Amino acid sequence: MKKVLVTGAEGQLGTDLCRLLKSRGYKVMGKNKAEMDVTNQVKVEEVILNAHPDVIIHCAAYTKVDAAEKNADRAFLVNAWGTRYVATAAERLGVPFVYISTDYVFDGESGVPYHEFSRPSPINVYGESKLAGERIVKEVHSRYFIVRTSWLFGQKGPNFVETMLKLARERETLSVVDDQRGSPTYTVDLSSSIVGLIGTSKYGTYHISNSGYCSWYEFAEELFIQRGMEVDLKPCTSEQFKRTAKRPAFSVLDHMGLRINHFGPMPHWKDGLRRYLAQNPS
């Protein structure tokens, strides 16, 4: 039985990943921040070398996009240096390493989906810190999977779906940004694809999101349609909905890596949303 160590195991992706790995017969060692703070190099090495896993999946991250603008040191400490500590320990053991990255490594100016060989050019600190993590993985590890994903929603939340449902119960009208486009991704589908990757030696960078894309407004619109809710939903621009960090206008990921390595296609985001809502009927 293969042993898989998952950092950030209590997060949105980590929760579904641990559940799926167990159902597939893996022995899962899920680590939360209290059990293994990735910014503590001594603790990271102690936990990983003692556990001696066969694979490490690194989900732990600093993901507060707006807060990162004022806390760049913290974002880079977790996403870059923390990743270095975990990846270096994985290399010492000689085991495969999976790093979860983001569509925010791109500037969003392309207008066509980004494939794995598109040039990264982040426009916010969060994206810069995650790209730094990618580069570190390539520097220190020899058998890695870098997985870029986007717009996650899963049962462990918080996420856009739950935020919209909560706001719809509290407000008469909702304004949602309609000039940022990406691919909503159900963490169950992402987890399934990651588990598929680690069963191979097809190392490299992969874009893994649900297929299709939409704006945040269109995402909310589909959510309320599927939920059968009548909501006064109004589109707005990024300029009207000011945020501390700039977001890419078009960060859709092309799944070239999955295609050319003969992995199956990803389900459509609307199908992922349907299955998510079936699991979360309240």
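**Helix H4 against H5, and a pocket lined in part by H5**

H4 passes H5 in a right-handed crossing. The model here is a predicted one, and this helix pair is a handy place to start. Helix H4 covers residues 72–93, while H5 runs over 125–140. Their axes sit 9 Å apart and make an angle of about 20 degrees. Since angles under 35 degrees count as roughly parallel, that makes H4 roughly parallel to H5.

As for who touches whom, the H4 side of the contact is made up of Ala 72, Ala 75, Phe 76, Asn 79, Ala 80, Trp 81, Thr 83, Arg 84, Ala 87, Thr 88 and Glu 91. Facing them from H5 are Val 125, Tyr 126, Glu 128, Ser 129, Lys 130, Ala 132, Gly 133, Ile 136, Val 137, Glu 139 and Val 140. Sorted by type, the residues of this H4–H5 contact come out as 12 nonpolar, five polar and five charged.

H5 turns up again in the second largest pocket, where it provides four residues, the largest share of the lining. Strand S10 (204–207) and helix H9 (256–260) also chip in, each with at least two lining residues. The pocket holds about 240 Å³ of space, and 18 residues line it. Nearest its centre lie Glu 116, Phe 117, Gly 204, Thr 205 and Tyr 206. The lining is a mixed bag chemically, with seven nonpolar, five polar and six charged residues.

Terms used:
Residues numbered from 1 in each chain as written. Predicted model: local features only at pLDDT ≥ 70, side-chain atom pairs only at ≥ 80, totals over all residues. Heavy atoms only, no water. 1 Å grid on protein atoms, 1.4 Å probe; cavity = no way out; pocket = protein on both sides within 12 Å on 5 of 7 lines; lining within 4 Å. Points joined across faces, edges and corners; volume = space filled by probe spheres on them. Nonpolar A, V, L, I, M, F, W, Y, C, P; charged D, E, K, R; others polar. Axes fitted to C-alpha atoms, helices over the stretch in contact; angles between N-to-C directions. Parallel < 35°, antiparallel > 145°, perpendicular 65-115°, else oblique. Left-handed = near helix turned anticlockwise from the far one by under 90°. Contact = heavy atoms within 4.5 Å.
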